[in-house]
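Please open the model in your viewer, with the sequence alongside, and follow the stops below in order.

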Amino acid sequence: MFKTADPILYSLLRQYARDNRKNMTLGESLLWEAIRQNGLGVKFLRQHVIGGFIVDFTCLEHQLVIEVDGGYHSEPRQQESDVIRQAWLEYHGFTVLRFTNEQVEVELPTVLATIVRTLSK
């Protein structure tokens, strides 16, 4: 249960993660449909708690995190938060790939190819 989550924060973040799974953006939904059920040959989780963060998608086996960023990620405060979050994840051994909603919606095959390349490293 607490394999990747901070046990102190887990009960609070678990509900946020559930809410996020119910309210995915179009980009998140499209990507999830492409990668779920071993769509790329590995298991992905969505809205998974790692440490004190909820990541959009993760393949724990390959320590890969995929973030699909909406428009609010261009706000300065959110950008600062994203930098801190990504540094924490990378410090703990995760590779982080970031895509915008628009990239996923318009260039899904390219996004998937990037993920596959990263998984094969």
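Where is Met24 found? Select Met24, which lies in the loop between α1 (7-22) and α2; helices are DSSP runs of H or I with at least four residues, strands are runs of E with at least two, and both are numbered from the N terminus. This is a predicted model, in which local features need pLDDT of at least 70 and side-chain atom pairs count only at pLDDT 80 or more, while totals for chains, interfaces and linings use all residues. Residues are numbered from 1 along each chain as its sequence is written, and side-chain values use heavy atoms, with hydrogens and water left out.

Leaving aside neighbours within four places in sequence, Met24 is in contact (heavy atoms within 4.5 Å) with Ser29, Trp32 and Arg46.

Next, select α2, residues 26-35, where Gly27, Glu28, Leu31, Trp32 and Ile35 are buried; buried means under 20% relative accessible area and exposed over 50%, with partly exposed in between (1.4 Å probe, protein chains only). These buried residues are on the same side of α2 because they cover an arc of only 125 degrees around the axis, taken from the directions from the helix axis to the C-beta atoms. The face turned away from that side carries the exposed residues Leu26 and Glu33. Now add β1 (45-50), β2 (53-59), β3 (64-69), α4 (101-106) and α5 (108-119), which are included in what covers the buried residues of α2.

Finally, select Leu31 and, not counting residues up to four places away in sequence, display the residues that Leu31 touches, among them Phe57, Ile66, Val104 and Ile115.
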